[in-house]
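Work through the exercises below with the sequence and the model in view. Each task is followed by a solution in steps.

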Amino acid sequence: MARSPALWLNARPAGFPALDVALAALMLIVAVASVATGQPYEGSPVFTLPTAVVMGASLAWRRKAPLVTALACAGANLFQSAGAQLPGSLWSLAVLAVAMYSVAAWSKEATAAIGGGVLLGALLASEWLGQGPDYLFLVLVFGGIWLLGRAARIWRARLLEQQLHERDAARLAVAQERLRIARELHDVLGHSMGVIAVQADAAGAALDSSPELAREPLRAINATARGSLAEIRAMLELLRGDDDPISGAPGLAQLGTLLDGSAVAGLPVTLNMAGTLPTVAPAAGLAIYRVVQESLTNVIKHAGPVPTSVSVQPVAGCVQVEVVNGPGAGTQAGTGFGLQGLRERVLLIGGSFEAGTADDGGWRVLAVIPAWGAAPASQLGHEGEAEILQPGGGAE
């Protein structure tokens, strides 16, 4: 099977870049042919042929070991200048220019300075041996080539840094998207599974004594499961599409349905929502919904069917959400992941979040969420900080 040109260009026979090997072979052929034909004649082949071989072949190391190329060209140039004539053919000038550029472009600063200085010194010494007048020309031309090589190295370093930054940004975006999906799934499944677990316990207890009483918990399990599946399907459809996945997510309008589901699960919950609220962005609406949903889930799982109140009120261009439940008999300690997820969600849009023990020994969750999904922390009254406590009977 034929190999693509890219594979040939990126090949490294014996550790040497293929392009460098090809360039060295080409210049070696040209240099030896120039010496063999005497065009131009620069002295005895005893001096010119070794010079041609060393200078041409040294280009194979121009990226692998650029200092070797520079030193080899400098030594060969002096060798021919001392025993014959100063190398002045086009191929020798091309090789010297490539050597100067390579040591500047593919070496660290100190090595580039040493290699460039040695090569330029050898050129000036050869000019002196040949009694030539072109010292300024050599300094300007080969000094400029050295600066061009350094500029190319700096450009490559910046390009590499930009590529690494873009790669890191892409990885961060993927990680953030995974975290967002995990948070959404936790909120949806955590609430529904909590309700289903409570209703399943109630149905199991009723089956032993009064089977007809098990119908209502089973209906609640069915409704909760179907609702969760519908929400997951909607979320997956939004993720597959090109639209903003937050735009179709639940918000303030779905709070009533959420509380009805919790009431069916046996939680005595009341809602106090202000009649006039600021216009809420989808991201803010989703955050409000998730705060209430996770809080009710925690009450069901850790406190049981205790009186719970949900308050949604406007506060200085924001929406304040407060969920308070009375003390319960639950002893299961939570992991804190749910509250941590709420904290991250609220702080991400510029809000504040608190969770801790209420005055009566129950649990209180308070979130202040900017109506448009972003606000300076100084306007929130809590400076964007969240306090999450983990007492016994804790939260998740």
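Buried means under 20% relative accessible area, exposed means over 50%, and partly exposed lies in between, with a 1.4 Å probe and protein chains only. This is a predicted model, in which local features need pLDDT of at least 70 and side-chain atom pairs count only at pLDDT 80 or more, while totals for chains, interfaces and linings use all residues. Residues are numbered from 1 along each chain as its sequence is written, and side-chain values use heavy atoms, with hydrogens and water left out.

**Exercise 1. The chain as a whole**

State how many helices and strands the chain has, and what percentage of its residues count as buried.

Solution. Step one: helices (H or I, at least four residues) and strands (E, at least two) are DSSP runs, numbered from the N terminus. The chain has 11 helices and 6 strands. Step two: 40% of the 396 residues count as buried. Step three: a contact means heavy atoms within 4.5 Å. Among contacts in the chain with a separation of 6 or more, 72% are between residues 24 or more positions apart.

**Exercise 2. The salt bridge of Glu354**

Find the salt-bridge partner of Glu354 and classify the accessibility of both residues.

Solution. Step one: a salt bridge is a side-chain nitrogen of Lys or Arg within 4 Å of a carboxyl oxygen of Asp or Glu. Glu354 forms one with Arg364, and the closest N and O atoms are 3.9 Å apart. Step two: Glu354 lies in strand S4 and Arg364 in strand S5, 10 residues apart. Step three: Glu354 has a relative accessible area of 22%, so Glu354 is partly exposed. Arg364 has 30%, so Arg364 is partly exposed.

**Exercise 3. A salt bridge between Asp20 and Arg62**

Are Asp20 and Arg62 buried or exposed, and which residues are linked with them in a network?

Solution. Step one: the structure holds 5 salt bridges. In one of them the side chains of Asp20 and Arg62 meet at 3.0 Å, N to O. Step two: Asp20 lies in helix H2 and Arg62 in the loop between H3 and H4, so this pair ties together parts that are 42 residues apart in sequence. Step three: Asp20 and Arg62 are both buried. Step four: a network of salt bridges links Asp20, Arg62 and Arg63.

**Exercise 4. Aromatic pairs**

Describe the geometry of the aromatic pairs and say where their rings lie.

Solution. Step one: a pair of aromatic rings is described by the distance of the centres and the angle of the planes. Rings of Phe, Tyr and Trp (its six-membered ring) pair if their centres lie within 6.5 Å; planes under 30 degrees apart count as stacked, over 60 as edge-to-face and the rest as tilted. A search of the whole structure finds 2 such pairs.

Step two: Phe16 and Trp61 are edge-to-face, at 5.1 Å centre to centre with 85° between the planes. Phe16 is in the loop between helix H1 (5–10) and helix H2 (18–37), whereas Trp61 is in the loop between helix H3 (45–58) and helix H4 (66–83), 45 residues apart. Phe16 counts as buried because its relative accessibility is 15%; Trp61, at 34%, counts as partly exposed.

Step three: the ring centres of Phe47 and Phe79 are 5.3 Å apart and the planes stand at 45°, so this pair is tilted. Phe47 lies in helix H3 and Phe79 in helix H4, so parts 32 residues apart in sequence are tied together. Phe47 is partly exposed at 25%, and Phe79 is partly exposed at 38%.

**Exercise 5. The nonpolar cores**

Which element supplies the largest share of the largest nonpolar core, and what does Val291 touch?

Solution. Step one: a nonpolar core is a set of buried Ala, Val, Leu, Ile, Met, Phe, Trp, Tyr and Cys residues joined through side-chain atoms within 4.5 Å. The largest one has 34 residues, and those touching the most other members include Leu255, Val291 and Phe353. Step two: H10 gives the largest share of this core, 10 residues. Step three: leaving out residues up to four places away in sequence, Val291 touches Val321, Leu342, Val346, Val365, Ala367 and Ile369. Step four: a second, separate core of 24 residues includes Phe16, Ala76, Leu96 and Ala99.
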